[in-house]
Amino acid sequence: MKKFFQFVFFLALCATVGGGTAWYVVRKMQTEQASASANSVYTFASSSSKGASYRASFVPDADFTTVAESSVNAVVHVKTLYTTQLRGYTDPLFEFFFGPNVPQSRQQAQMASGSGVIIGSDGYIVTNNHVIDRAQRILVVLNDKREYEARLIGTDPTTDIALLKVEAEDLPTIPFGDSDALKVGEWVLAIGNPFNLTSTVTAGIVSAKARNINIIDSDMRIESFIQTDAAVNPGNSGGALVNTNGELVGINTAIASQTGSYTGYAFAVPTAIVQKVVADIRQYGRVQRAILGVQMLDITPELQQEASLTTLQGAYVANVVKGSAAQQAGIRAGDVIVGIEGTKIQSANDLRVAIGKTRPGDKIAVTILRDGKQMTLQVELGATLRYVS
């Protein structure tokens with residue numbers, strides 16, 4: 001009997017110790033899990049749950065609703081009408097019995113659409129040139145569904161910008177912002193009419209600046225796109241890229257995609273270019289552009305070694321046009337242009353964009369490197385060889 005009670009006592013003791021140990025282990029596991037969950041918000045991790053917590057902690061402070069409300073009414077739907085020539089059709093059976101006949105071509109009405117931004121309360125609207133290219137009739141639909149016939153004031157294929165005018169007053173506008181002041185990582189909104197879905201607003205960040213993607217079909221193209229990951233799709237072209245102050249910083253123009261739809265890469269013409277184009281069209285009826293008169297190259301490691309250059313940054317002057325503004329100012333072949341009016345020039349495209357913002361007769365300071373030494377020359381720009389209108 002005594003052995004029986006000893007056995008029962010031993011079982012009770014084991015149960016107590018085992019239960020305590022199990023409680024300790026479970027409690028320790030719960031504590032570690034709670035600690036890991038709390039730390040996941042603050043640490044980088046490859047897991048989807050921790051990644052989601054990390055992204056959630058980076059919610060922007062900007063009130064997008066206020067920006068959207070102040071901007072959406074100034075973005076319009078641009079509809080264009082044009083005709084295309086269709087090739088005639090010949091019926092083989094008809095030709096077998098009656099001989100060959102001349103196929104008759106016919107015209108078919110087509111419609112395309114995009115977006116535009118009201119920049120003047122008196123009816124001036126900026127959009128992309130490719131939105132209205134070949135258009136025989138242009139219709140503009142406001143956010144409140146009012147519809148107007150638009151008049152084409154002028155175009156600039158080299159920047160893919162066009163200016164329209166509707167006969168209306170007191171229209172809502174978006175003020176111009178400083179696109180040069182944009183920073184990579186800054187939040188922006190894209191507003192437009194993708195897939196004919198009017199007044200669509202998407203958000204993203206500035207992914208890069210001064211992108212040259214060789215999409216504009218012009219020998220004198222000027223590309224310095226703002227790259228953003230805001231969702232932009234067909235129909236957004238000509239719409240607004242707006243900063244968190246509700247200012248227009250770009251005109252959405254293109255996407256990089258293998259499918260034709262948004263994949264994370266969208267591009268906008270910066271307002272630093274748009275404002276110059278619009279001002280020229282309004283004042284002169286066409287864009288006024290100057291030429292420096294140099295043939296320029298990007299500096300590659302191979303060119304750096306071949307030409308014994310001390311830098312990889314800048315625009316290499318391969319040749320100077322005889323009698324040009326560059327020659328008269330003393331610029332020589334072999335020089336490297338590294339600055340225009342205090343702005344750094346890191347590539348040939350940077351130089352092209354900088355000169356594209358000027359007009360014939362403008363005097364600019366051009367900083368060059370020659371034989372490893374830096375100097376600044378004063379250049380009075382000449383007239384462009386041809387205008388593009």
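## The largest cavity

Val75, Val76, His77, Val141, Leu142, Asn143, Asn193, Thr198 and Ser199 line the largest cavity. Keep in mind as you explore that this is a predicted model. The volume of this cavity is about 50 Å³. Strand β1 (residues 75-86) gives the most to the lining, with three residues. Sorted by class, the lining has four nonpolar and five polar residues, and no charged ones.

How many cavities of 30 Å³ or more are found in a search of the whole structure? There are two, so let us visit the other one as well.

## The second largest cavity

The second largest cavity has a volume of about 40 Å³. Its lining is made up of Thr159, Ile222, Ile273, Lys276, Val277, Arg289, Val353, Gly356 and Lys357. Here the classes are four nonpolar, two polar and three charged residues.

Which element gives the largest share of this lining? It is α6, with three residues. Helices α6 and α9 each supply at least two residues of the lining.

## A closer look at helix α6

Helix α6 covers residues 271-284, which makes 14 residues. From its first C-alpha to its last it reaches 19 Å, close to the 20 Å expected at 1.5 Å a residue. Just after the helix comes glycine 285, with a positive phi near 85 degrees.

Try finding the buried residues of α6 in the structure: they are Thr271, Ile273, Val274, Lys276, Val277, Val278, Asp280 and Ile281. Among them, Ile273, Lys276 and Val277 also appear in the lining of the second largest cavity. What covers the buried residues of this helix? The cover includes the strands β3 (124-128), β5 (147-156), β6 (161-165), β11 (248-255) and β12 (266-270), together with helix α9 (348-356).

## The nonpolar cores

In soluble globular proteins, nonpolar side chains tend to be buried together. In this model, the largest nonpolar core has 45 residues. Those with the most contacts inside it are Val117, Ile119, Val126, Val140, Leu164, Val166 and Ile174. Helix α6 gives the largest share of this core, five residues. Another core lies apart from it, with 22 residues, including Val294, Val317, Ala326 and Ala329.

Two residues of the largest core make good places to zoom in. Valine 117 sits in strand β2 (residues 106-118). Is valine 117 buried or exposed? It counts as buried, because its relative accessibility is 0%. Setting aside neighbours within four places in sequence, valine 117 is in contact with Ala74, Tyr124, Ile125, Val126, Ile174, Gly238, Gly239, Ala240, Leu248 and Ile251. One of these partners, isoleucine 174, is 57 residues away along the chain, yet the two C-alpha atoms are separated by 7.5 Å.

The other residue is valine 166. Not counting residues up to four places away in sequence, valine 166 touches Asp122, Gly123, Ile125, Val140, Tyr148, Glu149, Ala150 and Leu171.

## An open pocket

Finally, turn to the second largest pocket, which has a volume of about 580 Å³. It is lined by 23 residues, and Asp180, Ser224, Thr343, Asp350 and Lys357 lie nearest its centre. The elements that give two or more residues to this lining are β8 (200-211), α6, β17 (343-344) and α9.

Which element gives the largest share here? This time it is α9, with four residues. By class, the lining divides into 10 nonpolar, seven polar and six charged residues.

Technical notes. Residues are numbered from 1 along each chain as its sequence is written. This is a predicted model: local features need pLDDT of at least 70, side-chain atom pairs count only at pLDDT 80 or more; totals for chains, interfaces and linings use all residues. Side-chain values use heavy atoms; hydrogens and water are left out. The expected span of a helix is 1.5 Å times one less than its number of residues. Buried means under 20% relative accessible area, exposed over 50%, partly exposed in between (1.4 Å probe, protein chains only). Contact means heavy atoms within 4.5 Å. A nonpolar core is a set of buried Ala, Val, Leu, Ile, Met, Phe, Trp, Tyr and Cys residues joined through side-chain atoms within 4.5 Å. On a 1 Å grid over the protein atoms alone, a cavity is a set of points where a 1.4 Å probe fits but cannot get out, and a pocket is an open set with protein on both sides within 12 Å along at least five of seven lines; lining residues have an atom within 4 Å of a point. Grid points are joined across faces, edges and corners, and a volume is the space filled by probe spheres set on the points. Ala, Val, Leu, Ile, Met, Phe, Trp, Tyr, Cys and Pro count as nonpolar, Asp, Glu, Lys and Arg as charged, and the others, Gly among them, as polar.
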